[in-house]
Amino acid sequence: ESLTARERDVLQLAAEGLDNAAIAERLSLSSRTVERHLSNAYLKLGVSGKVARAAAVAHLFRDRL
């Protein structure tokens, strides 16, 4: 299952080093919605645990190459 545009947006901002609160502010979302987008992205990418954020960001960049 591919990522939605919003999931990619959230991951892009995570790759820039923003935390969930900053991502939420930048995209005019709640922090909970950002968490939900990240959770959905992790599930789709099959990543979990402490390294999920880094693995998901790596996947985002790998797809761009």
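## Helix α1 and its end

Helix α1 is followed by G17, a residue whose phi is positive, near 95 degrees. This description rests on a predicted model, in which α1 covers residues 5-15.

The buried residues of α1 are E7, V10, L11, Q12, L13 and A14. Together they pack against three other helices, namely α2 (20-27), α3 and α4 (52-64).

## The contact of α1 with α3

Two packed helices are described by the angle between their axes and the distance between the axes. For α1 and α3, the axes come within 9 Å and cross at roughly 100 degrees. The crossing angle falls in the range of 65 to 115 degrees, and α1 and α3 are therefore roughly perpendicular to each other. On the α1 side the contact is made by R6, E7, V10 and L11, while α3 contributes V34, H37, L38, N40, A41 and K44. Sorted by class, the residues of this contact comprise 5 nonpolar, 2 polar and 3 charged.

## Salt bridges

A search of the whole structure finds 3 salt bridges. One of them joins K44 to E7, with the closest N and O atoms 2.9 Å apart. This pair links distant parts of the chain, since K44 lies in helix α3 (residues 31-45) and E7 in helix α1, with their positions 37 residues apart in the numbering. The two partners differ in their surroundings: E7 is buried, with a relative accessible area of 3%, whereas K44, at 23% relative accessibility, counts as partly exposed. The boundary that separates them is 20% relative accessible area, under which a residue is called buried.

The side chains of D9 and R6 meet in another salt bridge, with an N to O distance of 3.8 Å. Because D9 and R6 are 3 residues apart in helix α1, about one helical turn separates them. D9 is partly exposed at 35% relative accessibility, and R6 is partly exposed at 31%. A salt bridge is also formed between E35 and R32, whose closest N and O atoms are 3.6 Å apart. Both E35 and R32 lie in helix α3, where they are 3 residues apart, or about one turn of the helix. E35 has a relative accessible area of 34% and is partly exposed, as is R32 with 48%.

## The nonpolar core

The largest nonpolar core has 17 residues, of which V10, L11, I23, V34 and L38 touch the most other members. Each of the helices α1, α2, α3 and α4 supplies at least two residues of this core.

Among these residues, V34 has contacts that can be listed in full once residues up to four places away in sequence are set aside: V34 then touches V10, N20, I23, A24 and L29. V34 also takes part in the contact between α1 and α3, as do V10, L11 and L38.

## The contact of α3 with α4

Helices α3 and α4 pack at an angle of about 70 degrees, and their axes are 10 Å apart. That angle makes α3 roughly perpendicular to α4. In this contact L38, Y42 and L45 in α3 meet A52, R53, A56 and H59 in α4, and by class the contact has 5 nonpolar, 1 polar and 1 charged residues.

L38 therefore recurs in several parts of this account: L38 belongs to the α3 side of the contact with α1, L38 meets α4 together with Y42 and L45, and L38 is one of the core residues that touch the most other members.

How values were computed
Residues numbered from 1 in each chain as written. Predicted model: local features only at pLDDT ≥ 70, side-chain atom pairs only at ≥ 80, totals over all residues. Heavy atoms only, no water. Salt bridge = Lys/Arg side-chain N within 4 Å of Asp/Glu carboxyl O. Helix = DSSP H or I, 4+ residues; strand = E, 2+ residues; numbered from the N terminus. Buried < 20%, exposed > 50% of the residue type's maximum accessible area, 1.4 Å probe, protein only. Contact = heavy atoms within 4.5 Å. Axes fitted to C-alpha atoms, helices over the stretch in contact; angles between N-to-C directions. Parallel < 35°, antiparallel > 145°, perpendicular 65-115°, else oblique. Nonpolar A, V, L, I, M, F, W, Y, C, P; charged D, E, K, R; others polar. Core = buried A, V, L, I, M, F, W, Y, C linked by side-chain atoms within 4.5 Å.
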